[in-house]
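User: I would like to go through this protein chain step by step. Please explain the reasoning behind each reply.

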Amino acid sequence: YSANLLSARRSRRAAPLSESTMAAVEKTTMYLADQLQAAKDEITILKKAEEPPKEQIAALSKRIKELEKQKSDKTKSSFVVKTAKGTRDYGPAQMAVREKAFEVIKNVFKAHGAVTIDTPTFELKEILTEKYGEDSKLIFDLADQGGELCSLRYDLTVPFARHVAMTGVSKIKRYHIAKVYRRDQPRMTKGRYREFYQCDFDIAGDYDAMLPDTEVLRVVYEIISGLDLGEFVIKVNHRKILDGMLEVCGVAKKNIRATCSCIDKLDKAPWADVRKEMIEEKGLKPEVADAIGEFVQLKGGEELLEKLTAHAKLSKNKSARQGFQDMELLFKYIKQFRIAHRISFDLSLARGLDYYTGLIYECVL
């Protein structure tokens, strides 16, 4: 295949690319793109300041125009050999780091009794749709190749659920390390790609409540500790508590998932921006958004759970009460699993994906 591709490329050109052309290509694909995105990011930040520095913004605007012109000129003047948008190559040194990290991760998975499976890179589109909430728009659809509408997998969880449903597996601890695909707007300089690896660990079957959830948290703890990445905290929340919280704040059930998607942005955007989106885009009343704001700033441990359990309105909400029961068990188990010192109960943690129904968590370095 490689030989045929090379032959095809040469047939389109009179001669192979010279060293100077390759240098220009490298400058176009790496330097110009990175510099252009960095300038755009910087000007966005400056415009949000209380007193935007006009001279600095003007200089950056001029710089952006110059970079865009250079990029346009390069595109017009030469055939550019590059990777697709949102993807990249990895050299030997980078692959050595990846393989070492995967080795640490796999060893932890296996120590907990997990076995691995593999699933296709693409699935029937109907399997993937309606599983990711507002993020469904980020699914890569493939062209019809004979009567089946297919899409590249968005994550490894939904294909695993499909596998369990097809095979009738009653109980399994499974891990899967593979590439997934998101039709997102890439930010290469910030590590956001359209193609990247996920390392999944799932427990399927009937178990005592919250024991599998606690083991998963223990797996996260062991992996991050084993990778020696420094200090970290594992934020936890419960979807039923989150749903109950939004209900008592006045959010209609049909708008809960969309509101969760807004809350999920709090790790990237200030509350003022999230509140604005809730009101202007999601249609929430200002007083409803303000009520949500009082909750999502809360975080702590068992004392926070006690405070929420005693809340006049939350204590009467069925969904919230179910979440409280699960969290009481979780705080009991994390002590036995010796990870309580790394856990933070954080009400700002949310997930927009539709298949989350219980514990949700996130590790922050």
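User: What share of the 365 residues in the chain is buried?

Analyst: This is a predicted model, and every value here is computed from it. A residue counts as buried when its relative accessible area is under 20%. Of the 365 residues in the chain, the share that is buried comes to 37%.

User: How many helices and how many strands does the chain have?

Analyst: Both kinds of element are present in the chain. The count is 13 helices and nine strands.

User: How many salt bridges does the structure hold?

Analyst: Side chains of opposite charge can pair when their charged atoms come close. For a salt bridge, the nitrogen and the carboxyl oxygen must lie within 4 Å. The number in this structure is 17.

User: Which residue forms a salt bridge with Lys179, and which strand does that partner lie in?

Analyst: The closest N and O atoms of the pair are 3.6 Å apart, and the partner of Lys179 is Glu195. Lys179 lies in strand 4 (residues 172-181) and Glu195 in another strand, so the pair ties together parts that are 16 residues apart in sequence. Lys179 is partly exposed at 28%, and Glu195 is partly exposed at 22%. The partner is therefore Glu195, in strand 5.

User: Lys235 forms a salt bridge with Asp346. How many residues apart in sequence are the parts that this pair ties together?

Analyst: The closest N and O atoms of Lys235 and Asp346 are 3.7 Å apart. Lys235 lies in strand 6 and Asp346 in strand 8, so the salt bridge ties together parts whose separation in sequence is 111 residues.

User: Is Asp346 buried or exposed?

Analyst: The cut-off for buried is under 20% relative accessible area. Its partner Lys235, at 21%, counts as partly exposed. Asp346 has a relative accessible area of 4%, so Asp346 is buried.

User: Which helices do Glu302 and Lys335 lie in?

Analyst: The side chains of Glu302 and Lys335 meet in a salt bridge, with 2.9 Å from N to O. The pair links distant parts of the chain, 33 residues apart. Glu302 is partly exposed, with 34% relative accessibility. Glu302 lies in helix 12 and Lys335 in helix 13.

User: Which residues are linked with Arg174 in a network of salt bridges?

Analyst: A salt bridge needs a nitrogen of Lys or Arg and a carboxyl oxygen of Asp or Glu. In this network, Arg174 is linked with Asp200 and Asp202.

User: What area does the chain expose?

Analyst: Carbon and sulfur atoms supply 51% of the exposed area. The area that the chain exposes is about 21,400 Å².

How values were computed. Residues numbered from 1 in each chain as written. Predicted model: local features only at pLDDT ≥ 70, side-chain atom pairs only at ≥ 80, totals over all residues. Heavy atoms only, no water. Helix = DSSP H or I, 4+ residues; strand = E, 2+ residues; numbered from the N terminus. Buried < 20%, exposed > 50% of the residue type's maximum accessible area, 1.4 Å probe, protein only. Areas by Shrake-Rupley, 256 points an atom, 1.4 Å probe, with all protein chains shown as cover.
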